[in-house]
Amino acid sequence: MANVEQASYPELTGRHIEERQNLLNILHGFHSYDEIEAQSIKHCIALISSTDQCFEREYFNPGHLTASAIIVNRSKTKVLLTHHRKLDMWLQLGGHADGHPVLMDVALMEAHEESGLDNIKPLTDEVLRIDRHIFPAQPHKDVPEHYHHDFMYLLQADTEDDYNVSHESNALRWVTFDEAKDMVNDKAIKQTIKKLQERWDWVQSLAI
């Protein structure tokens, strides 16, 4: 699909102007994979343009930014999935920005915290997927249903061993790309893995 057309938004004000502008530049130049992603991009642009609270997990209306990662092994033949404890499904690793405006750093931090793996690095600065999805309400925490606006990155671990299952997960598992597509129910993750397979020569050319 074509890049999302730039709309007219007011000049950014408040905090994190440089980081928000960097994200907007990425979004305006992003080539969406499908109509769902195109709509996610439009919503992300509106969120980032409208408030400097977009990085805060307590900002529920219209939601907040998150960062996640497809983590591949050293040979790039497997990906690491987590069985999310709250959502009871297999997903990529990731989480809230919690005020951190550099989402690549958030993805790296979350990958380390949720896997215990020390040597995880980005394979590319390119964002793999933009995905806006509903996160269910958590009444016991006074958290309403809200949207996560997620930036997904491609990271690499130098070992498949020595990972630790965090309190947020039921399990972690290294699986092949095809196994991952069968295990996950989330359409955005399935299509991201498919996208990587379609761009296999590019993936293989990446080196830390």
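Of the 208 residues in the protein, 48% are buried. That figure, like everything that follows, comes from a predicted model. The protein exposes about 10,400 Å², and 47% of this area is supplied by carbon and sulfur atoms. As for overall dimensions, the C-alpha atoms fit a box of roughly 45 × 45 × 30 Å along the principal axes. The radius of gyration is 17 Å, which agrees with the value near 17 Å for a compact globule of 208 residues.

The secondary structure adds up to six helices and eight strands. Walking along the sequence, the order is α-α-β-β-β-β-α-β-β-β-β-α-α-α. Plenty of contacts reach across the sequence: of those between residues at least 6 apart, 70% join residues at least 24 apart. Charged side chains come to 20 positive and 34 negative, with the centres of the two sets 4 Å apart.

Strand β1 makes a good place to start looking at the strands. It covers residues 64–72, and nine of its nine residues are buried. Both of its faces are covered. On one side sit His64, Thr66, Ser68, Ile70 and Val72, while Leu65, Ala67, Ala69 and Ile71 sit on the other, and all of these are buried.

What does β1 pair with? One partner is β7, residues 146–157, which runs parallel to β1 and is joined to it by nine bridges. Another is β4, residues 93–96, which runs antiparallel to β1 and is joined to it by four bridges. Ala67 gives a handy reference point for both pairings: it stands opposite Phe151 in β7, and it also stands opposite Gly95 in β4.

Strand β2, residues 78–84, pairs with β1 too, in the antiparallel sense and over two bridges. Here Ile71 is the residue to look for, as it stands opposite Leu80 in β2. These two strands form a hairpin with five residues between them. Within the turn, Lys76 has a positive phi of about 60 degrees.

Further along β2 comes a closer look at a single residue, Thr82. Is Thr82 buried or exposed? Its relative accessible area is 2%, under the 20% cut-off, so Thr82 counts as buried. Setting aside residues up to four places away in sequence, Thr82 touches Met89, Trp90, Leu91, Gln92 and Leu93, and also Ser169, Ala171 and Leu172. Of these contacts, Leu93 belongs to the residue range of β4, the antiparallel partner of β1.

A second residue worth a visit is Ala157, which is found in β7. Ala157 has a relative accessibility of 2%, and so it counts as buried as well. Which residues does Ala157 contact, leaving aside its neighbours within four places in sequence? The list includes Ile71, Val72, Asn73 and Arg74, together with Leu117, Asn119, Ile120 and Trp174. Two of the residues named there, Ile71 and Val72, are part of β1, the strand that runs parallel to β7. Ala157 and Lys121 are 36 residues apart along the chain, yet their C-alpha atoms are separated by 6.7 Å.

Notes:
Residues numbered from 1 in each chain as written. Predicted model: local features only at pLDDT ≥ 70, side-chain atom pairs only at ≥ 80, totals over all residues. Heavy atoms only, no water. Rg over C-alpha atoms; globule rule 2.2 N^0.38 Å. Buried < 20%, exposed > 50% of the residue type's maximum accessible area, 1.4 Å probe, protein only. Contact = heavy atoms within 4.5 Å. Areas by Shrake-Rupley, 256 points an atom, 1.4 Å probe, with all protein chains shown as cover. Lys, Arg positive; Asp, Glu negative; His and termini not counted. Charge placed at Lys NZ, Arg CZ, Asp CG, Glu CD. Pairing = 2+ DSSP bridges.
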